[in-house]
Every structure is written in structure tokens, then in C-alpha cells.
Amino acid sequence: MAAIELIRVTKTWGATVAVRDISFEVDEGSFVVLLGPSGCGKSTTLRMIAGLDDVTSGRVLIGGREMTGAPPAERRVSMVFQSYALFPHLDTGENILFGLKARRVAKTEQRDRLVRVAEMVGLEALLDRKPAQLSGGQRQRVALARAIIAENPICLMDEPLSNLDAKLRHEMRVEIRALQQRLGMTTVYVTHDQTEAMSMADRVVLMRDGGIEQQGPPAALYDVPETVFAAGFIGTPPMNLLKVEEVGGAMVIAGTDGPAVAEAGYGNLVLGIRPEQIAIADNSGIEGRVESCDYLGADTIVGVRVGSQSVLIRAHGRHSRPAGSRIHLHWQESEVHLFNDETGVRMAGVRPLPVAA
């Protein structure tokens, strides 16, 4: 049985459609990430699961029970907000215990749970500090502890790491994932950061304009994107998406004379190739001119102008060529993704051609 199930859920605000006819399941004990750009409806979806926003149409089931119109208190879910939502006049211990006190849990049980949870998230030495005396990472741990201490089977997280710096975000990603696995909590996590989604999720639900673009394990979205949007959203740097047109009976990258990159006869296409799957050659392949070289330590991101389009290449180690210098690119046909230029949907049955060095 799914811990959470959304069935054709829609949310409107007057004439504005925030979420449009979405359906997905969250397995018990799994970590599911709602991923997408700002305004795509992911936070609204989370709030409908929590009962903070009403469902316009469709159904929300939690633990197999109908919860579409149930108040938040009946849903047995905990929530971690982007803003942490800590009370500035309460110390760490009191912030963590706030929900238990509101539900009038026995004081002895409150103390037992506080000791256990504080040790779990590394706050045992900070229980008497106010939020203003805590770092961003420590405040995030307080918010997590408050969610964990409720002992609800489901935890909902709305962009909890967006206020932290890059190093601390990485550390907290590891901590949250390890904690979720140790406790066996069912977690739904909202983010616009595809790195968080790829590194934490058992399953990703990629949203766009209120609908679901693609859902599945992170590797599936990376390896087999179903649309141009999914291809361009997942990956750092994102997949190169190049317009392909028919010239003289051959499908070539727009603005070039060849070589052919796909079978002809299917209309204009979009060719997708990831930066790390492009190799550089000196004398054969697709010709381009270097626009930039950004050295990042372990690798270099090389920007190349190919015809009328720009291509990014992830080259291992230090790679430096002057702007304007000529290079050639090549790749394997198994690494190419082809999409319909009009619909943006993945093309089945069209054979890409290898571009040899």
C-alpha cells in the first residue's frame, strides 16, 4: 500500500491553475522529491498533501485512507518549512517540544523523546540556546528535530536547505538522507535544486507549469529524459540541446554542413548530448570554435560555437585553448537523444548516427 497517493489532483486560484490533474504515489519508507522551477506547483502540491491548501478536484489518500478534505491534524504528517518557523523567544528544547506540549503529551515522555531526538541530530549541547544564538545549520536541525519528535510516519519538507551555503547544503543533504533511512520515514521533499533531487531521492517527480513532466528514479530521468524540458533541467551543466535540420538529404546540426547526425525523413529534430559525453578532436568530427574555457579544478567546461548554436563540453582536468581556435567534436550514437522539434517529446524509432573522430 502506498503511504501517499494523489489521484488526478487539481488546484486553482480563481482562473489560475496552480496544479493540473497530477497523479503519483509515494511508497512507504521512501524518499520522493518534487522537483521543478519556481512557480511549477510543487509547494502547492506539498501543502495539499499536508491539508494546508484545499484540493479543487481529485483525491488525496494517506495510508490508504481518504484524506482529501481532512484537516491537517488528522493526517499524521510533520512538516519542515523553508523559513524554519522557530519561535525566537523559546530556546532550542522548547522549540523542539512545542508540538508535544500543544498536544499535552506527558512531561516524562516529552523529556525522553527530547533526549533521544536531540542526540540523533546533534543538538544535545545546544538545548538552552535561543534561535538567534544558532547557526543556519543548527536552526535547520532544530526544525528537523521538531518534525522527528512528533513520531509521525510521514515528513513533508518544503525547500529546507535553500537558506544555507553550498558546503552546508551538502552536509545537510547527507544528514537528512541518512536520518530518513535510519528512521524509515516516508518523506516528500520539495526543491528546485536538481543536485538535491539526484543525490537524495528514491524517486523524482519533475513538475512544469502545474503538471508532471516525468517521474521515476533519478537515474531514469538522467539517462532517458522523455522531453526536451526534462533533458535540459537535469544535469550540471545541462544537456546540450541542438536543433537539427535536413540539408541535401542529410540531418545536420543547424548552421553546419555536416556530418550527418541522424537519419533523415522525420522532420526537424532536437539532438541532446550531455557535456561529459562529448570528446574533442583536432581534425575530424563536427567543427566548432572555442568561445570560453572555465577551469573548475577536476575538469574544465569548454564553450564551443557550432554553427549557429553553443555547445558545452566537460573536459577532464585542465583544458585551455584560446577563444576563436578551431576544434572538432565527436560522440557515440548510444549517447545521443532525439526529440521532436515541435512537441519536445522524445522520438522513438529514429536512429542517431555516430560522429567519429
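This is a walk through the structure above, from its overall build to its charged and aromatic side-chain pairs.

Keep in mind that you're looking at a predicted model. Starting with the big picture, the chain folds into 8 helices and 19 strands. Put a box around the C-alpha atoms along the principal axes and you get roughly 80 × 45 × 35 Å. Of the 357 residues, 49% are buried. If you take the contacts with a separation of 6 or more, 65% of them come from residues 24 or more positions apart. As for the outside, about 16500 Å² is exposed, and carbon and sulfur atoms supply 49% of that area.

Now for the charges. The protein carries 38 positive and 43 negative side chains, and the centres of these two sets sit 7 Å apart. How many salt bridges does a search of the whole structure find? It turns up 16, and a few of them are worth a stop.

Take R47 and D53: their closest N and O atoms are 3.2 Å apart, which makes a salt bridge. The two ends have their own surroundings. R47 is partly exposed at 30% relative accessibility, whereas D53, at 11%, counts as buried because the cut-off for that label is under 20%.

Next, go to R116 and E151, whose side chains meet in a salt bridge with an N to O distance of 2.9 Å. This pair links distant parts of the chain: R116 belongs to helix α3 (residues 107-121), while E151 sits in the loop between α4 (136-149) and β7 (154-158), 35 residues apart. R116 has a relative accessible area of 40%, so it is partly exposed. E151 is partly exposed as well, with 42%.

A third bridge joins E263 and R351, at 3.4 Å from N to O. Here, too, distant parts of the chain are linked, with the partners 88 residues apart: E263 is in the loop between β12 (250-253) and β13 (269-273), and R351 is in the segment after β19 (337-340). E263 counts as partly exposed at 27% relative accessibility, and R351 gets that label at 41%. Coming back to helix α3 and its surroundings, salt bridges that share partners tie E109, R113, R116 and E151 into one network.

Let's turn to the aromatic rings. The count comes to 3 aromatic pairs. One of them is F87 with F98, where the ring centres are 4.5 Å apart and the planes make an angle of 40 degrees, so the pair is tilted. F87 lies in the loop between β6 (77-80) and α2 (92-102), and F98 is in helix α2, so the pair ties together parts that are 11 residues apart in sequence. F87 is partly exposed, with a relative accessible area of 29%, and F98 is also partly exposed, at 39%.

Then there's F229 with F233. Why is this pair called stacked? Their ring centres are 5.5 Å apart and their planes are at 25 degrees, so the pair falls in the stacked class, which takes planes under 30 degrees apart. Both residues are in helix α8 (residues 228-233), and being 4 residues apart there, they are separated by about one helical turn. F233 has a relative accessible area of 18%, so F233 is buried.

How values were computed:
Residues numbered from 1 in each chain as written. Predicted model: local features only at pLDDT ≥ 70, side-chain atom pairs only at ≥ 80, totals over all residues. Heavy atoms only, no water. Helix = DSSP H or I, 4+ residues; strand = E, 2+ residues; numbered from the N terminus. Buried < 20%, exposed > 50% of the residue type's maximum accessible area, 1.4 Å probe, protein only. Contact = heavy atoms within 4.5 Å. Areas by Shrake-Rupley, 256 points an atom, 1.4 Å probe, with all protein chains shown as cover. Lys, Arg positive; Asp, Glu negative; His and termini not counted. Charge placed at Lys NZ, Arg CZ, Asp CG, Glu CD. Salt bridge = Lys/Arg side-chain N within 4 Å of Asp/Glu carboxyl O. Phe/Tyr/Trp six-rings, centres within 6.5 Å; stacked < 30°, edge-to-face > 60°.
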